Amino acid sequence: MMRVVIVAIVLVCYTVLLIIYTSHFKKEITCSNCDHKYIVIPKRIFAYMTFLQAAGLTVGIILLHDFSSLVICAYLAILGCYYLCKKDGYKCYSCKTINHLP
């Protein structure tokens, strides 16, 4: 029981650190249509974060010997592949024009 609590606390701390790390990569985009400025996080950074989260969860699952939860890790890995393959296009909040990173 104590092992489960320790692994859960470590995984929560790992997730919080990944979120903090991801939030440092904000980019500012200016809309080409209405000149509205907004801040986005690049999709490639989300892909790296999901891969790292999948790796962390896999290690946690192996330590807990609970292999029924590997589906979540597979889902995160597929989501990371999706973000790596997706084009970087960000929709403007005011006029809905799709803009790209400079």
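1. Let's start where two helices meet. Arg 3, Val 4, Val 7, Leu 11, Tyr 14, Thr 15, Leu 18 and Thr 22 of H1 are in contact with Ile 45, Phe 46, Met 49, Leu 52, Gln 53, Gly 56, Leu 57, Gly 60, Leu 63 and Leu 64 of H2. Contact here means heavy atoms within 4.5 Å. Sorted by type, the residues of this H1 and H2 contact come out as twelve nonpolar, five polar and one charged. For that sorting, Ala, Val, Leu, Ile, Met, Phe, Trp, Tyr, Cys and Pro are nonpolar, Asp, Glu, Lys and Arg are charged, and the others, Gly among them, are polar.

2. Before going on, a word about what you are looking at. This is a predicted model, in which local features need pLDDT of at least 70 and side-chain atom pairs count only at pLDDT 80 or more, while totals for chains, interfaces and linings use all residues. Residues are numbered from 1 along each chain as its sequence is written, and side-chain values use heavy atoms, with hydrogens and water left out.

3. How do the two helices run? Helix H1 covers residues 2-23 and helix H2 residues 43-64; their axes come within 10 Å and cross at roughly 170 degrees. The axes are lines fitted to C-alpha atoms, for helices over the stretch in contact, and the angles run from 0 to 180 degrees between N-to-C directions. H1 and H2 are therefore roughly antiparallel to each other. The cut-offs are under 35 degrees for roughly parallel, over 145 for roughly antiparallel, 65 to 115 for roughly perpendicular, and oblique for the rest. Helices (H or I, at least four residues) and strands (E, at least two) are DSSP runs, numbered from the N terminus.

4. A few residues of these helices deserve a look. Met 49 sits in H2 and, leaving aside neighbours within four places in sequence, touches Leu 18 and Thr 22. Met 49 and Ala 8 are 18 Å apart, C-alpha to C-alpha, with their positions 41 residues apart in sequence. In H1 you find Val 4, which is partly exposed at 43% relative accessibility. Leu 17 is in H1 too, and at 56% it counts as exposed. The scale is relative accessible area: buried is under 20%, exposed is over 50%, and partly exposed is in between (1.4 Å probe, protein chains only). The C-alpha atoms of Val 4 and Tyr 21 are 26 Å apart, and those of Leu 17 and Cys 95 are 34 Å apart.

5. Which rings pair up? The count is four aromatic pairs, a pair being rings of Phe, Tyr and Trp (its six-membered ring) with centres within 6.5 Å; planes under 30 degrees apart are stacked, over 60 edge-to-face and the rest tilted. One of them joins Tyr 21 and Phe 25, edge-to-face, at 5.1 Å centre to centre and 75 degrees between the planes. Both partners are partly exposed: Tyr 21 has a relative accessible area of 48%, and Phe 25 comes to 30%. Phe 46, Tyr 82 and Tyr 83 make up one aromatic cluster.

6. If you were hunting for disulfides, the whole structure has zero, a disulfide being a pair of cysteine sulfur atoms within 2.5 Å. Cys 34 is in none, and the nearest cysteine sulfur, in Cys 31, is 3.7 Å away. Cys 34 is partly exposed, at 33%. As for Cys 85, its sulfur is 6.4 Å from the closest cysteine sulfur, that of Cys 81, which is too far for a bond. Cys 85 is exposed, with 69% relative accessibility.

7. Now the loops. Asn 33 lies in the loop between strand S1 (27-30) and strand S2 (37-40), and is exposed at 55%. Not counting residues up to four places away in sequence, Asn 33 touches Cys 95 and Thr 97. Its C-alpha atom is 26 Å from that of Phe 46, 13 residues along the chain.

8. Last, two backbone angles to check. Most residues other than glycine have a negative phi. Asp 35, however, has a positive phi, near 60 degrees; this residue is in the loop between S1 and S2 and is exposed at 57%. Lys 96 also has a positive phi, near 65 degrees. Lys 96 belongs to the loop between strand S3 (90-91) and strand S4 (98-99), and its 52% relative accessibility makes it exposed.
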